[in-house]
Structure formats: structure tokens, C-alpha cells
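Hi everyone, thanks for making time. I'd like to walk you through a structure that's new to most of us, so let's put it up on the screen.

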Amino acid sequence: MEETGNRKQKALGYRKSVDPLLKYIPWFESHKGEDAAVMYAGNEEKDKIFGFPVYDSTIMAFVKSASLGDLMDKNYPYIYTRNHIKSREDEKRLIRVADIDSFDILKGILSKYVLEGMRKGTVWSVAVNEGIFLSILLKMKEILDFWDKHDSMLT
């Protein structure tokens, strides 16, 4: 019973960081398979050499909100190493099977895409296009909803 209580506490702690992100689920659902950015190359010939992505304001708001909560783990490379995550297929598989005890894996994958996207122009587009952000949010919601129901059954 104590172990269940610890898991419930974990879920409760994550809830405050996850809830503000759930409002982005419909946007990610409607943009899955699309680029989240357009490449801007400027009008001048010299500007066309250095194009850069211009992101939709929604993805920018999501990234800002995600980076403010307790979900960012700057040590996400360790999570990748420890869990032998080497490909997007590995990420997707681990997202599918995640539970409250492996929530740190979800945080690690989310952190990778949010934090690397701040340095590399195409990372956020990949996460939107391939449904990585969407899958993480849906799985986090599923896990937390389960523990909300589990808590109500105990009381």
C-alpha cells in the first residue's frame, strides 16, 4: 500500500507541470505529419544563403511552457544511455509502454526535443511531424488520469 501511495504522490507532483501542456494536444493532433516551421531566407540575395526556420506561435508557446515546468531534465543524455535509446523507434516504443515508474523516460525524451530544438532548427519540426510531442502528452495524460481514478477508488 505504501508503494501505491508513493506512485500517487509522484503522479500528483507531475500533474501541475503536465496540465498546462495538455491544451496543446489538439494542435499537435491537427499538425501531425506537417512541418511546424517555414524556412525564411529573406528577400536579398545575400540573405538567401542563411535561411532559418520560423515557427508557428503555438509551438513556441508550447516550448516555453514545457521549459518552465519540472519536466525538463538537462541530463536527458543519461536517460538515453541508461535506457539504450538509439533511434526514434526506440523513443516511440518507450513512450508507448511508459508508466508512472518510467515517467523519467517521458521527461527525458521531451527534454531532448525541447532543449535540442533551442539549438538546432529542425528538431521541433521533427517532433511535431512525427508525433513525438503528441505521443508524450497523450501518454502523460493517460498515466496521470489512471492515478487520479486509482486515488478515487482508494477513498
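Let's start with helix 6. Of its 15 residues, 14 are buried, so the rest of the structure largely encloses this helix. Keep in mind that we're looking at a predicted model. The length of helix 6 works out too: at 1.5 Å a residue its 15 residues should span 21 Å, and the end C-alpha atoms are indeed 21 Å apart.

So what does a residue in there touch? Take Leu 110: setting aside neighbours within four places in sequence, it's in contact with Phe 62, Leu 71, Met 72, Phe 133, Ile 136 and Met 140.

Now zoom out a bit. The largest nonpolar core has 46 residues, and Leu 110 is among those with the most contacts inside it, along with Phe 28, Ile 59, Phe 62, Phe 103 and Phe 133. Helices 1 through 8 each give two or more residues to this core. Which helix gives the largest share? That's helix 8, with nine residues.

Okay, on to the rings. There are 10 aromatic pairs in the structure. One of them is Phe 28 with Phe 62, which sit edge-to-face, 4.8 Å centre to centre with 85° between the planes. Phe 28 is in helix 2 and Phe 62 in helix 3, so this pair ties together parts 34 residues apart in sequence. Both partners are buried: Phe 28 has 2% relative accessibility, and Phe 62 has 0%.

And the pair has company: ring pairs link Phe 28 and Phe 62 with Tyr 24, Trp 27, Tyr 113 and Phe 133 into a cluster.

Notes: Residues numbered from 1 in each chain as written. Predicted model: local features only at pLDDT ≥ 70, side-chain atom pairs only at ≥ 80, totals over all residues. Heavy atoms only, no water. Core = buried A, V, L, I, M, F, W, Y, C linked by side-chain atoms within 4.5 Å. Buried < 20%, exposed > 50% of the residue type's maximum accessible area, 1.4 Å probe, protein only. Helix = DSSP H or I, 4+ residues; strand = E, 2+ residues; numbered from the N terminus. Contact = heavy atoms within 4.5 Å. Expected span 1.5 Å × (residues − 1). Phe/Tyr/Trp six-rings, centres within 6.5 Å; stacked < 30°, edge-to-face > 60°.
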